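User: Could you take a close look at one helix in this model and what sits around it? I'd like the backbone oddities covered too, in one connected walk-through.

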Amino acid sequence: LDAGKGGLAGFATTALSCELRGDQVVPIEPLYLRRPDAEVPNPLKHVLGHAGAGKAGGGLCPMIVDITAVSRDLAVRSIAQLEGELFGRGAWNANMVREELDAPARTYLLDVLGEAEQAVVRGYAGFWYDGEDAELMTIGVGKAYQRQGIAAALLQALVDEAKRQGASRMLLEVRVDNDPAL
């Protein structure tokens, strides 16, 4: 949760905008504001305050939702499928995903395209918060959707949620041979 410009914090900070104009990153402004007590007719468009809220279609902007915005079966099936695509033999299977989601003190977010049961889960991320530190448990984006800012948006949303829950820092443990994570 370092506020500096380097490392993961710097990477996550760039996720706050989805639009590039030449060499300049321009923040995307919301089109309207909703009262905090307003009912959200479509939970998949309620995006934890993310600038990409309500973007439809194949745009580059991530649409981050809490895992409860989709059915449990869709979430488990999608995460297990992405795990297999991304991590091969080291991937979590559906039972392992269920166990992780059922473990205490877990927070999971998804990046989705579409609505409800027709939603395509493009990415996922989650952390465990023990009351002191938040630990990033996993983060992944389907190969077809990589390099579009989705991982950065997921990470920023996790950092924001961990802060909201009271964490003072977020930890990530990676294998020494995982160059993209380092």
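Analyst: Let's start with a side-chain pairing: threonine 107 and glutamine 165 are joined through their side chains by a polar contact of 3.0 Å. Keep in mind that this is a predicted model.

Threonine 107 belongs to strand S4. Its relative accessible area is 10%, so threonine 107 counts as buried, the cut-off being under 20%. Leaving aside residues up to four places away in sequence, threonine 107 touches Ala125, Gly126 and Phe127, and also Leu158, Glu161 and Gln165.

Now for the helix. H4 runs over 150-165 and has 16 residues. From first C-alpha to last, H4 reaches 22 Å, close to the 22 Å you'd expect at 1.5 Å a residue. The buried residues of H4 include a good stretch of names: Ile150, Ala152, Ala153, Leu154, Leu155, Gln156, Ala157, Leu158 and Val159, plus Glu161 and Ala162. Leu158 and Glu161 are on that buried list, and both are touched by threonine 107.

Next, what happens on leaving H4? Just after the helix, glycine 166 takes a positive phi of about 110°. Glycine 166 is found in the loop between H4 and strand S7 (169-171). With a relative accessible area of 45%, glycine 166 is partly exposed, because that value falls between the 20% and 50% cut-offs. The C-alpha of glycine 166 is separated by 8.9 Å from that of tyrosine 129, 37 residues apart along the chain.

On the other side of H4 is the loop that links strand S6 (133-141) to the helix, and arginine 147 is found there. Arginine 147 has a positive phi of about 65° although it isn't a glycine. That deserves a remark, because most residues other than glycine have a negative phi. Arginine 147 is exposed, with a relative accessible area of 88%.

Back towards the strand we began with, alanine 105 is another non-glycine residue with a positive phi, this one near 60°. Alanine 105 is placed in the loop between helix H3 (94-102) and strand S4 (106-113), and S4 is the strand that holds threonine 107. Alanine 105 has 41% relative accessibility and so counts as partly exposed.

To pull it together: the positive-phi residues covered here include alanine 105, arginine 147 and glycine 166, each of them in a loop, while buried threonine 107 in S4 has its polar contact with glutamine 165.

Technical notes. Residues numbered from 1 in each chain as written. Predicted model: local features only at pLDDT ≥ 70, side-chain atom pairs only at ≥ 80, totals over all residues. Heavy atoms only, no water. Helix = DSSP H or I, 4+ residues; strand = E, 2+ residues; numbered from the N terminus. Buried < 20%, exposed > 50% of the residue type's maximum accessible area, 1.4 Å probe, protein only. Polar contact = N/O pair within 3.5 Å; in protein donor to acceptor, adjacent residues only side chain to side chain. Contact = heavy atoms within 4.5 Å. Expected span 1.5 Å × (residues − 1).
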